[in-house]
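Visitor: I would like to learn how to read a structure like this one. Could we take it feature by feature?

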Amino acid sequence: MHVVILGSAAGGGLPQWNCRCPICSLAREDSSRVRPRTQSSIAVSPDGERWLLVNASPDIRQQLFDTPALHPREGLRHSPIHAVLLTNGDVDHVAGLLTLREGQPFTLYGTSGILDSVNANRVFDVMAEDVVAREPIGLDATFEPVPGLTVTLFSVPGKVPLWLEGETVELGAETETTVGAMIEANGRRIAYVPGCARVTDKLKSQLDGADVLLFDGTVLFDDDMILAGVGTKTGWRMGHVPMAGQNGSVASLAEVEIGRRIFVHINNTNPVLVEGSPERLAVEAKGWTVGYDGLSLSL
Ligand code: MLT
Ligand code: MN
Ligand code: ZN
């Protein structure tokens with residue numbers, strides 16, 4: 001099985017278009033200190049030929065250009081992308097669907113909770129319904145979006161997408177709106193969880209035994225955004241568990257049997273993005289890799 005991290009940043013990317021925080025500034029000035037990163041997406045294939053895209057980011061056009069395995073290969077119009085799966089309805093995960101128009105057949109998968117928000121928005125009808133089938137998938141049911149690749153979706157603590165928030169928002173709810181995906185081929189398993197508000201015992205048992213975990217690395221501390229002076233929201237309010245602290249992902253997942261652990265969906269305010277920073281070295285010392293665009297694994 002092959003996996004490529006197409007985009008390792010959270011919503012906004014790195015640098016974010018309007019941000020002059022120290023990390024965004026470094027990403028503009030010195031890519032040896034902070035590598036620029038595009039928004040959240042991975043591609044997975046059982047054979048290197050047929051690919052599943054998980055999440056369609058606003059940067060998808062550039063991501064596909066930068067990834068030769070995803071270029072058209074035959075005839076006049078073609079794509080090795082056979083299917084697209086959504087793990088939530090956030091802008092950084094769905095806006096790229098608009099780029100996947102142009103009459104190319106593929107199947108779009110997601111829970112009803114996620115697909116309903118896409119279906120309700122007519123701008124997504126640019127993916128013509130007679131060429132792009134939309135296939136709702138139940139939680140905990142295994143399906144095969146690409147021959148030889150099976151996927152099981154499981155709910156993780158989260159919230160509705162920011163653009164669908166009402167006056168009150170339920171935080172940390174385990175519903176169909178935020179899911180993780182267990183992706184399997186040839187007896188190997190990759191768990192992809194780009195958004196998760198809390199590490200629960202249920203989640204730990206779900207991740208147990210995975211060969212690779214790609215996990216929510218939005219914030220180091222719950223108050224990263226406040227410390228950076230760019231906002232007032234905590235990680236919890238945004239539906240993202242911090243890396244650090246007693247209930248953070250690094251400590252909570254330490255005892256879970258996982259082959260390789262990689263942070264993805266990293267917000268541009270997260271100090272682990274700075275190469276060689278004490279924060280980066282601390283998470284690496286705990287066995288984590290800070291994901292970057294183009295990181296690919298074959299397993
Ligand atoms: C998130 O992951 O919290 C969202 O992508 C935020 C957003 O929609 O900008
Ligand atoms: Mn996001
Ligand atoms: Zn920034």
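Guide: We can, with one caution: this is a predicted model. We begin with a salt bridge, in which Lys-204 pairs with Asp-201 and the closest N and O atoms are 3.7 Å apart.

Visitor: Where do Lys-204 and Asp-201 lie, and how many residues apart are they?

Guide: Both belong to helix α5, which covers residues 201-207. They are three residues apart, about one turn of the helix.

Visitor: Are Lys-204 and Asp-201 buried or exposed?

Guide: Read the relative accessible area: under 20% is buried, over 50% is exposed, and values in between are partly exposed. Lys-204 has 27% relative accessibility, so it counts as partly exposed. Asp-201 has a relative accessible area of 61%, so it is exposed.

Visitor: What about Leu-203 and its place?

Guide: Leu-203 is also a residue of helix α5. Its relative accessibility is 1%, so Leu-203 counts as buried. For its position relative to another part of the chain, take Thr-107: the two are 96 residues apart in sequence, and their C-alpha atoms are 27 Å apart in space.

Visitor: What is found in the loop between β10 and α5?

Guide: Thr-200 is found there, and β10 covers residues 188-193. Thr-200 has 13% relative accessibility, so it counts as buried. From Thr-200 to Gly-245 there are 45 residues in sequence and 15 Å in space, C-alpha to C-alpha.

Visitor: How many salt bridges does a search of the whole structure find?

Guide: The search finds 12. One of them joins the side chains of Glu-165 and Lys-159, at 3.0 Å from N to O. Lys-159 has a relative accessible area of 11%, so this residue is buried.

Visitor: Which residues are linked in a network of salt bridges?

Guide: Arg-122, Asp-125 and Arg-134 are linked in this way. Within the network, the side chains of Arg-134 and Asp-125 meet at 3.7 Å, N to O. Arg-134 is partly exposed at 22% relative accessibility, and Asp-125 is partly exposed at 42%.

Visitor: Next, the metal. Which residues coordinate the manganese ion?

Guide: To read a metal site, look for the atoms that coordinate the ion, and then for where their residues sit in the chain. Here the manganese ion is ligand 2, and its coordinating atoms come from Asp-92, listed twice with OD, and from His-265, with NE2. The distances run from 2.2 to 2.8 Å.

Visitor: Why does the pair of Asp-92 and His-265 tie together parts of the chain?

Guide: Asp-92 is in helix α3 (residues 91-94), whereas His-265 is in the loop between β12 (258-264) and α9 (278-285), so the pair ties together parts that are 173 residues apart in sequence. Both residues are buried.

Visitor: What surrounds ligand 1?

Guide: For a ligand, list the residues around it, and then look for polar atoms that face it. The residues around ligand 1 are Asp-90, Asp-92, Leu-162, Met-238, His-240 and His-265. By class, this shell has two nonpolar, two polar and two charged residues. Asp-92 and His-265 are thus names you have met at the manganese ion.

Visitor: How are polar side-chain atoms placed relative to the oxygen atoms of ligand 1, and what area does the protein bury?

Guide: A polar side-chain atom of Asp-90 lies 3.1 Å from an oxygen atom of ligand 1. For Asp-92 the distance to an oxygen atom of the ligand is 2.9 Å, and for His-240 it is 2.9 Å. Ligand 1 taken alone exposes 270 Å², and the protein buries 78% of that.

Visitor: What does the side chain of Asn-88 reach?

Guide: It reaches the backbone nitrogen of Asp-90, at 3.0 Å. Asn-88 also has a polar contact of 2.8 Å with His-93, side chain to side chain. Asn-88 is placed in the loop between β4 (81-85) and α3. With 6% relative accessibility, Asn-88 counts as buried.

Visitor: One last residue: is Ile-226 buried or partly exposed?

Guide: Ile-226 is partly exposed, with a relative accessible area of 39%. This residue is in helix α6, residues 224-227.

Definitions and conventions: Residues are numbered from 1 along each chain as its sequence is written. Chains are lettered from A and ligands numbered from 1 in the order in which they are written. This is a predicted model: local features need pLDDT of at least 70, side-chain atom pairs count only at pLDDT 80 or more; totals for chains, interfaces and linings use all residues. Side-chain values use heavy atoms; hydrogens and water are left out. Donors are N, O and S atoms within 2.8 Å of the metal (3.2 Å for Na, K and Ca); water is not among the atoms, so sites may look incomplete. Helices (H or I, at least four residues) and strands (E, at least two) are DSSP runs, numbered from the N terminus. Buried means under 20% relative accessible area, exposed over 50%, partly exposed in between (1.4 Å probe, protein chains only). A residue is near a molecule or strand if one of its heavy atoms lies within 4 Å of it. A polar contact is a pair of N or O atoms within 3.5 Å; within protein, one must be able to donate a hydrogen and the other to accept it, and residues adjacent in sequence count only if both atoms are side-chain atoms. Accessible areas come from the Shrake-Rupley method with a 1.4 Å probe; for residues, only the protein chains shown count as cover. Ala, Val, Leu, Ile, Met, Phe, Trp, Tyr, Cys and Pro count as nonpolar, Asp, Glu, Lys and Arg as charged, and the others, Gly among them, as polar. A salt bridge is a side-chain nitrogen of Lys or Arg within 4 Å of a carboxyl oxygen of Asp or Glu.
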